[in-house]
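Let's walk through a structure together, one feature at a time. Have a look at it first, and then we'll talk.

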Amino acid sequence: MVVELEGASNVRDLGGIAVGTGREVVPGLIFRGSALASITPADQDVLFRTLGIKCVIDLRCGWERAAKPDVAVSGVDNLHIPFFDLEKVGIEYTEPAEGTKVVGRDVACDPDRFYRAMANPLTARQMGRALGEVRLRATQGQPVYLHCSGGKDRAGIMSLLVLHVLGAGREAVLADYLLTNVSRDANYQQAFERFLRFAEGDEQRAHELTHAHRARRENLEAFAESVTERYGGMEAFVRDVLGVDDVCREELRRACTRPVR
């Protein structure tokens with residue numbers, strides 16, 4: 001279910017996604033989307049009162065979070081669990097796409113390389129931490145909101161991992177991921193102007209980057225291939241690297257899934 005907000009985009013509930021024969025994700029428990037730096041009072045009412053979100057997990061780098069901090073809301077935990085952060089994680093993604101420059105500490109990445117890079121051991125440790133928080137909150141019935149900057153890449157991988165653990169098939173995971181393009185295409189000009197800065201005014205290159213940074217099947221495949229190369233497959237990665245054993249998985253499935261209604 002898409003959640004329409006004034007100051008945040010690409011927000012949706014993972015509820016209703018099929019996770020095995022005759023089961024689905026419980027609605028109103030796990031949400032994903034963009035950063036919450038610009039949410040309005042009306043948005044806060046929707047997210048934290050109507051939907052009852054009790055925990056926000058911010059996957060952004062520390063410098064992104066410092067530049068555009070989420071709006072603080074009383075009674076809501078905001079956890080910073082970055083995928084890439086030189087100070088907190090020990091790794092920072094600094095590889096710009098061909099034909100672009102670094103702007104401050106930000107880069108316009110090559111999506112294939114970026115998705116493969118997310119399978120590194122330091123970032124994987126952060127994925128395990130975030131998944132552990134989802135498990136903790138979900139088993140207590142506390143709705144969780146996962147976000148990065150635009151809600152596509154890092155939030156997309158966390159959604160993939162959550163859905164995989166819950167038993168969703170690849171096509172169901174992909175269908176959720178591709179929904180990001182509704183928001184991306186609606187905000188094309190904003191994305192284009194961002195990439196124009198990286199491309200030093202080269203409009204053709206900026207258009208190429210804007211298109212390349214849509215949600216694509218190839219992105220998730222690149223991550224999965226890197227996981228297989230490094231760890232032997234997604235199941236081994238979830239079990240041995242993220243620390244999700246059979247007990248953890250069963251707890252999550254009991255808390256986060258239900259029979260299809």
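**Reading the inside of the model**

A: Let's start with one residue: C256 is buried, with a relative accessible area of 0%. Buried means under 20% relative accessible area, exposed means over 50%, and partly exposed is in between (1.4 Å probe, protein chains only).

Q: Before we go on, what kind of model is this?

A: It's a predicted model, where local features need pLDDT of at least 70, side-chain atom pairs count only at pLDDT 80 or more, and totals for chains, interfaces and linings use all residues. Residues are numbered from 1 along each chain as its sequence is written, and side-chain values use heavy atoms, leaving out hydrogens and water.

Q: Back to cysteines, then: how many disulfides are there?

A: A disulfide is a pair of cysteine sulfur atoms within 2.5 Å. By that rule the count is zero. Take C61: the nearest cysteine sulfur belongs to C148 and is 10 Å away. For C256, the closest cysteine sulfur is in C248, at 12 Å, so that's too far for a bond.

Q: How do I read a nonpolar core, and which residues have the most contacts inside the largest one here?

A: In soluble globular proteins, nonpolar side chains tend to be buried together. A nonpolar core is a set of buried Ala, Val, Leu, Ile, Met, Phe, Trp, Tyr and Cys residues joined through side-chain atoms within 4.5 Å. The largest one in this model has 56 residues, and M127, M158, L161 and F223 have the most contacts inside it. Helix α5 (residues 154-166) gives the most to this core, nine residues; helices (H or I, at least four residues) and strands (E, at least two) are DSSP runs, numbered from the N terminus. There's also a second, separate core of 15 residues, with A8, V11, L36 and V56 among them.

Q: What about aromatic pairs: how many does a search of the whole structure find?

A: Rings of Phe, Tyr and Trp (its six-membered ring) pair if their centres lie within 6.5 Å; planes under 30 degrees apart count as stacked, over 60 as edge-to-face and the rest as tilted. The search turns up eight pairs. In one of them, Y93 and F114 sit edge-to-face, 5.0 Å centre to centre with 90 degrees between the planes. Y93 is in the loop between β5 (77-80) and α3 (111-117), while F114 is in helix α3, so the pair ties together parts 21 residues apart in sequence.
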